[in-house]
Amino acid sequence: MVAEILAGLVPGGVYAALAVCIVLMYQMLGVVNLALSAMGALAACMSLLSVRWLGLSPGPSTVLAVLCGALIGVILGLLMVRYFLEASVELRTTVTIAMLVGLIAVGDRILNGATYNFPNLFSGPSVEIFGTGVPIGSLIEVVVAILLAVGVQVFLRTTHLGAQLRAMSERPITAGLLGIRVRTLTVAVWAFAGVIATIAVMVVLPTSTTSFPPLAYLVVYALGAALLGLMRNMVVAAVGGVLIGMLESIVQPSGIGRYTDAVPFVVIVFVMVWWRRRDVWSEAR
Amino acid sequence: MSLFTRPRRTIMRSLAVTGAAAVVLAAAACASSSSSGASGGSSSSGGSNAPIKVAQISTLSGGYPFGDVVPGTQAYFKLINSEGGVDGHQIQFLYGDDKGTASQAGELARLYVLQDHVVGMVGNTSLADCNTNANFYSANSIAVVGGAPEPACFTQANWDPVNAGPYYGKVVQWQYTFDVLKPTHVCEIEQNDPTSIPYYNQLRSWFESQNPGVAAKFTEITYTNDATQNPTPAVAHAKALGCDLVELSTVAPNMVAFIKAAKSVGLDATFITLGSAYDTSVPGTLGSLGDPGALGPNDKGVFVGAELAAVNSANPQVQLMAKTFKADGVQADFWSEIGWVSAATFVDALKEGASHYDITTAKGVLQALQNMTPYNSGFAATNLDFGSGSSHPGNRGSQMLMIKNGTWVVAPGQNDGSFETVDGTLPAASSS
Amino acid sequence: MFGLKRASATPLTAMVTVVVVVIAAGFALSSYWQYVGAVGAIYAIFGLSIGLVYGQSGMLSLCQPAIGAIGAWTVAYLSGEKFWVSLPWSLVIGAVIAIPIGVAAGMPALRLRRVNLAIVTLGFVIVIYTVAQAGQVAGSQESAYVKAPTWNLAGYMGLYLLCWLSFTLLAGITIVLRGSRWGLAWLAIARSERAAAAMGVSVARAKLTAFAVAAFLAAWAGGLLVASFGSADPSNFDPVTVLTLFALAVMMGAGYWEGALALGLFNAISSALLQQWGLTPDLGTALFAIGAITVLGKPDAAFSVMIRRQVARLSSRRRRAVADEAPALRTFSPVLTEAAVGRPAGDPGSAPALAISGLTVNFGAVRALDDVSLTVPYGEVVGLVGPNGAGKSTLVDATTGFLAAYSGIVRVDGAEIDALPAHRRARVVRRTFQQDRTIGELTAEGYLRLAAASGTTASQIQEILEFVGCGNTATPLHSLDVRLRRLLMIGACLTGRPKAVLVDEPAAGLSAEESIDLAARLTEIPGRFGCGLLVIEHDMELVRLVCTSLVVLDFGKVIASGPTADVLARADVAAAYLGDDVAAETVLEETAVEEAAVGETPGGIASADVPASQAGESHGRR
């Protein structure tokens, strides 16, 4: 049991990092970005292609992938800003669903078959904990995800830019009228999320297999974690991500292992029903 | 937008929509009257020099891709065509990717058979084709020679697998494991495939009854629905159980992921996998992890039960394939081998039957295959054969390979020369 | 159901005509294209299912096609050797079995909305896929084979017929339902759940019926899929496929039958063409994604919307002539003075239409209403006035059941209604809203029909339309002007034949002549429709013309009540409005004129009556 729980740190770190991004984007931009892990996965594919076509070594190809992640974020962010700046949360979220479908179509073209030599920058040596080896990369990811959550929240509360972001999230139009550069900040947050998602996916990539859709679905697990934080608290979301990873890895080898993918759903339903139990009417007067 | 304020734009847009629809319909009309496909070409059949049109439906992307089977098939046909074709007929080869989905597999089958009028399917290696198109192929007298990743492919009259398949492969794997590798505790990390698990369990009971003492050493870990989930938890579980040998049945990238996960978790075990993991690039990817002892003192190495002979085998037929692949830039692995061997079986049967049957028709092709003389191609443990039975078991052995010095070599101790074949006859699947 | 024929006849005829053409064309197609066409019909039915829940009912649920798995498994199971239930029947059985599952899937929609519902349904899609792959449910194994029917026709014509006849039947059902009360309710909840409940529509029932019917449709399609592809392969319901269908439904506007039809044909034909050209199906998927994003940015670009506009354009000339006949505004007849408003010869001992006693409402530490009591007798118009934030709308919310907690008793016609939910209270007391909560897509007649109490006849609806002065019953509401929509909101209340009607600031934004016209109509209501009327207003001219008595609220307390003239003369009433000792009448008159001119929205920025873009601003904090 202990082994499985510790093994859960591997996916857990990914979920934690992604969950922080989901909460951040929801709070700052009013969108539930269901295409988040697909963005990161597509950028990670760029590292693979750069190794294959340009012969880059792991270090530079990873850097390239991260830059691609930022670029993908910028492109999608510009799309959002151009056409959906004043749209509702659900409209923007629906757009990310369409983006997810499109990204999977592209990703499937790249990841389709033979053994891959993914740049192995992050996994590698392991640390023995209670008799089980945990990849150092994953441990670092978990810690970084939690620190990221704390850091972002501190940033938002204490810095000027953070105040601007918070103003933008509450009242984008008013913020714009006050001279806050709403479009630039929106695109910046998208780019930031792209970078984090890329790194998160690349940490787990060498130990997972090479087809695109499962990487794109990582976001559903992360969503469960984000909901544990009630879409507000990034630190709880990060910790929740680790917990979900552990839960997944306990369930996977067990008798009900074939239903592992249902784990985030159970979390989601449980949280939603409890959180929204008092909602009777759809909107304010 | 009000209709009355911008009428012109509305007209333009509706014209655009109508125009697009017209283009699509016209294309459909044109496409329906002539054949097309990956290699393009004209229609018509019959005639003394008409091409023999064949097609392949394989899973080339999606969750479980068998990417190289198409180049393998193409390489063989290219060779044959350069030598004059079969009985003077050139082979025309079409192929499509079904992405493992029933909808694409079903539509592609109807496209090739009903529209393009192919006379046979060669090299089909797909997760969906056997289930989806079983009835369709038999209703249209279409013969299929291909690689079978699904149990359903082994139970049809028109489908001949050239590989050993998971059942024979499994039994061979167990044989070799207990006869040669002699582990103390085996963890079988199995994918949860609901159609095959009942038969697997039946076979295991049979194997255990034939080999007393084995049952105690077995633990089965069912870890996931598909090959795409993180292997770390299963591997950690295996470590907790104290296994010193792990049995897998998965594709090469997944096996590599398992071994890497084993390294990071600290699992000290030998790894043995079904032939689906045979890929010549694996030793390079694993690097030193592939060597015996890399994971610990219990690690006797990384083994694979290649269902067709290893690419670097000395057999002249295999060498021809290796040479052709190299010249054409085809990656040599289980899948490209399947493509090649399927094409070879198909062509050899047609060559033999050309004088008796009209091999430019589907019926003629089917008859030629059903009546072919079995022969040993050197690729498989048992003879290549189609036959007229109601099902075809494929070849009944595997070639056990292990990684040594950065390449696959034939593993020692096999019971049939360089192959390991099943002792005895497998029990038939009981209906349950 | 009356009016059903009129509402559904044209789309039904159009749909049947198109499908007959498609079926006839099938005989001329090659076997392969018949197959492709059959699959197209199946996707079209999936489109109907998605369109019903998302397009018509406005619920962002992603899991409709996945519920098709239930139909697939049923058909596969029933087609096995043990059972042999032949195809059309196994489809029906599968579709029926899916209904409770659809209802279960719809339960989260009762409490979750919008994004939250999307998240839960996305998880549900993955669960269904997981269950499909696990293969433990009967009929879900890949090896359960089903044969397509031939019906003694050549090629795939049998399957083609089965699929297209299925589409005809199911599209017909959705068209008929769309025009029925169920369909009207679905449109209503898509626009505003509160308005729907205020009209007596049970929101919960509307949502669950939408999910139930959508499940029926999807399961039927799922069963047909198995027939076409031979086995219940899980890949038919994998998340990407389901989400791609959703994207297509958005792109094509599948809420209308022609959008669903376009979805099916487009999906099947593009897939076939890509295969023919040797291109990957991923290309099609990527195009659908782009198409969906385009339509989301510009809803006018949805295929079915474009079609409808073309059709509307063709018949627009005829419509314009009709639209010009707007009836003239009424003038306020001198006979209809305050004193002469029809007081029924009512028995003084009988219960008043509406009696509120001791109503107290707290929002946290803020006391919005403090022990408020008022009475609205039958046949009278009572005014409720007070400065901004006094609690007037809160009172209406509490009375009509839109507040979770309050203390006090509300009686309608002597009976206590506090235990009833909003849509049940709507049987006896109706209200309007400050904002425009009419349902734009409906015609005036359809809107009134939706709000009508059961048993209301067509002529009664007609009478109310005439009373309201809406001559134009065929135009959708969003094309009518604000004044008419306001009146129709009131008319909708009246069709419910309630005992009491609460009208919330009906004159806001109206010109002087329009206010007089409104006043004329309001005064008629109690006498003509046998109810009591409560009017919340700032326009003191209107109040003095229409109301026999007045209740003044300030900071949640009743500070004055009694006959209108008396109350308006009181100094403390003037002080409440202005904090001033100036003579009440003249000052109040000036204020009323100013407020009417500026069109100020009561309640300040916090009120929901703000431009749509601002309303979208405060996201993410729920």
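This passage describes the contact between chains A and C and one sheet of chain C. The model is predicted; local features need pLDDT of at least 70, side-chain atom pairs count only at pLDDT 80 or more, and totals for chains, interfaces and linings use all residues. Residues are numbered from 1 along each chain as its sequence is written, with chains lettered from A and ligands numbered from 1 in the order in which they are written.

In chain C, 49 residues are in contact with 53 residues of chain A (C-beta atoms, placed from the backbone, within 7 Å). Helix 6 of chain C supplies the largest share of the chain C side, 13 residues. Helices are DSSP runs of H or I with at least four residues, strands are E runs of at least two, and both are numbered from the N terminus.

Helix 6 of chain C packs against helix 12 (residues 263–275) of chain A at about 150 degrees, with the axes 9 Å apart. Axes are lines fitted to C-alpha atoms over the stretch in contact, and angles run from 0 to 180 degrees between N-to-C directions. The two helices are therefore roughly antiparallel (angles over 145 degrees). Among the residues that meet are A:F265 and A:M272 from helix 12, and C:I119 and C:F124 from helix 6.

Chain C also holds an open sheet of four strands, in the order 2-1-4-5, with antiparallel pairing (at least two DSSP bridges between two strands). Strand 1 (residues 354–363) is joined to strand 4 (residues 407–412) by five bridges. C:L354 stands opposite C:V412 in strand 4. Strand 2 (366–376) and strand 5 (415–416) of chain C each have a single partner strand, so one side of each lacks a neighbour in the sheet.

Conventions
Two residues are in contact if their C-beta atoms, placed from the backbone, lie within 7 Å. Angles under 35 degrees count as roughly parallel, over 145 as roughly antiparallel, 65 to 115 as roughly perpendicular and the rest as oblique.
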